[in-house]
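Reader: I am new to this structure and would like to know what stands behind the words used for it. Could you take me through them?

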Amino acid sequence: MADNRRSRLITQGVARSPNRAMLRAVGFKDGDFDKPIVGVANGHSTMNPCNAGIQPLVDRAIAALEAAGAKPQMFGFPTITDGIGMGTEAMKYSLVSREVIADAIETSVNGQAMDGALVVGGCDKNMPGGMIALARMNVPGIFVYGGTIKPGTWKGQTLTIVSPFEAVGAFTAGKMNEEDFVGIEKNACPSVGACGGMYTANTMSSSFEALGMSVLGSSQMAAPDPEKADSAADSAKVLVEAVRNHLRPRDIITRKSIENAIALVMATGGSTNAVLHYLAIAHAAGVKWTIDDFERVRRKVPVLCDLKPSGRFVAVDLHRAGGVPQVLKILLANGVLHGECVTISGKTLAQELKDVPEKPPANQEVIRAWSDPMYKQGHLAILKGNLATEGCVAKITGLKNPSITGPARVFDSENACMKAIMAKKIKPGDVIVIRYEGPKGGPGMQEMLAPTSALIGQGLGESVGLLTDGRFSGGTWGMVVGHVAPEAYVGGTIALVKEGDSITIDAKKRLVQLNVTAKELAARRKKWKAPKPRYTSGLMAKYMKLVSTASTGAITG
């Protein structure tokens, strides 16, 4: 246990006496200097339900680390709440916060030469930010999810955070009365925990089990339930063993384990944001992984789970039905999972799943058998064409007709589009284009939950297409295509679209096409000028200068 980088720094004789003196001030005793120092990255925040229940988990983890012979040291990292910032300028900080979180954790752990890191987070960017940091630092680490929210109810209807957004559209369309509108808003979020469907937070947390970086069975527990705190303590014990055995993130995060994670995302109907985040995680871990690899996995993995946003059930239902381990065992039994991949426990994934049945329980409807999937292939398709030569991402399940050709309705910001939707200016057959919301242009790739949910609420989810260089919430569904690259701000074809142009979105052909001649596009390109940057100083200006295209994960380093 004494062979660790921090203890070596503080036990090298007289020269290190000042280090020991400062650590004594925070509670170190003589025997503690030989213990591995484990950083506990604490995402607790009272600003959002996703992170408001984290402190009890941190307390349990710290106690377990101490009992296992480590010396835990806690520090914080910032978090942004997508659901609160949605549709406002604040939302531009969401994806940016992924990089800030990664940088903050790396700074704290490496700046104090800690021997391991236990990251506890809840909201959407906590997971990828934390995992990027662990992969970069490559010190033994584990991710502990803050847990999912319990579903709300109103007049017998199961509610999630998406329900109020869709209610806005229904209310403005005259399809919902004020009593129900207010009732949904007041009852959608009944407890602490992250958004309850298979949205981005639950997508990333569940995929970390498949990746091997979180304890199996821990990701879909409800935040307020005692078992969630128990899992934090169990995770701490597992991490101390990983420190003892020098088991590091890059031993676990490999091309095969990332493929396992994406297979789980496809099987559970997870968020489009997983594409962006796993490109970034792979880069941080030094793993070769491209946007085309998602399409390769999609073709061989069916959607097995009937989960919101396009399905019926929420995360706590998945947990009761057997959770991520049950889904993983089905995938393993049918040859689409790499069971030899090592996990943070030191065991292989196949060893961890040894006692899980190969078929889901008969008394539930959340997890389907391999022979009876929701969809025969995965739901996150990579589309290409002259509108997205680098690729873009479409969620193609839950649609009766996954193709549309129609006139472009062009907006240079999300807010401008939202005003048109609320004014009922969007008609069936239209293809909405929201541009200059990409990594650089936004900056920060805002999520388009407000307009997509308003379209659903107005009954236009199946008949209107939407194309953007921004992102979508994990709660979005419909004929929507995001992450269009190259983005408008750098002169991508999406910048050249004019009102009324014909656009084709065809998920079956994996095509996104502007039906304008190459000669006309060349003429438009000569006239196009890049807009002035929306930020010229501070964090956002720095982000605009550093951030890559969405097709490589919108990374900054």
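Author: Gladly! Let us begin with a yardstick: the radius of gyration is taken over C-alpha atoms, and the globule rule is 2.2 Å times the number of residues to the power 0.38. This is a predicted model, in which local features need pLDDT of at least 70 and side-chain atom pairs count only at pLDDT 80 or more, while totals for chains, interfaces and linings use all residues. Residues are numbered from 1 along each chain as its sequence is written, and side-chain values use heavy atoms, with hydrogens and water left out.

Reader: What makes the radius of gyration of the protein chain agree with a compact globule?

Author: For 557 residues, a compact globule would have a radius near 24 Å; the protein chain has 23 Å, so the two agree. Its C-alpha atoms fill a box of roughly 75 × 55 × 45 Å along the principal axes.

Reader: Why is Cys417 called buried?

Author: Buried means under 20% relative accessible area, exposed means over 50%, and partly exposed lies in between (1.4 Å probe, protein chains only). Cys417 has 0%, so it is buried. Of the 557 residues of the protein chain, 61% count as buried.

Reader: And why does Cys195 count as partly exposed?

Author: Its relative accessibility is 22%. Since partly exposed runs between the 20% and 50% limits, Cys195 therefore belongs there.

Reader: How do you know how many disulfides there are?

Author: A disulfide is a pair of cysteine sulfur atoms within 2.5 Å, and a search of the whole structure finds 0. Cys195 is in no disulfide, as the nearest cysteine sulfur, that of Cys50, is 4.9 Å away. For Cys417, the closest cysteine sulfur is in Cys392, at 17 Å, which is too far for a bond.

Reader: Which residues is Ile161 in contact with?

Author: Contact means heavy atoms within 4.5 Å. Leaving aside neighbours within four places in sequence, Ile161 touches Cys189, Cys195 and Tyr199. Ile161 lies in the loop between β6 and α7.

Reader: What makes α7 a helix, and what does it pack against?

Author: Helices (H or I, at least four residues) and strands (E, at least two) are DSSP runs, numbered from the N terminus. Helix α7 covers residues 162-172, and its buried residues include Val162, Phe165 and Ala170. The buried residues of α7 pack against α4 (82-85), β6 (157-159), α8 (178-187) and α19 (449-457). After α7 comes Gly174, with a positive phi near 75°. In total, the protein chain has 21 helices and 14 strands.
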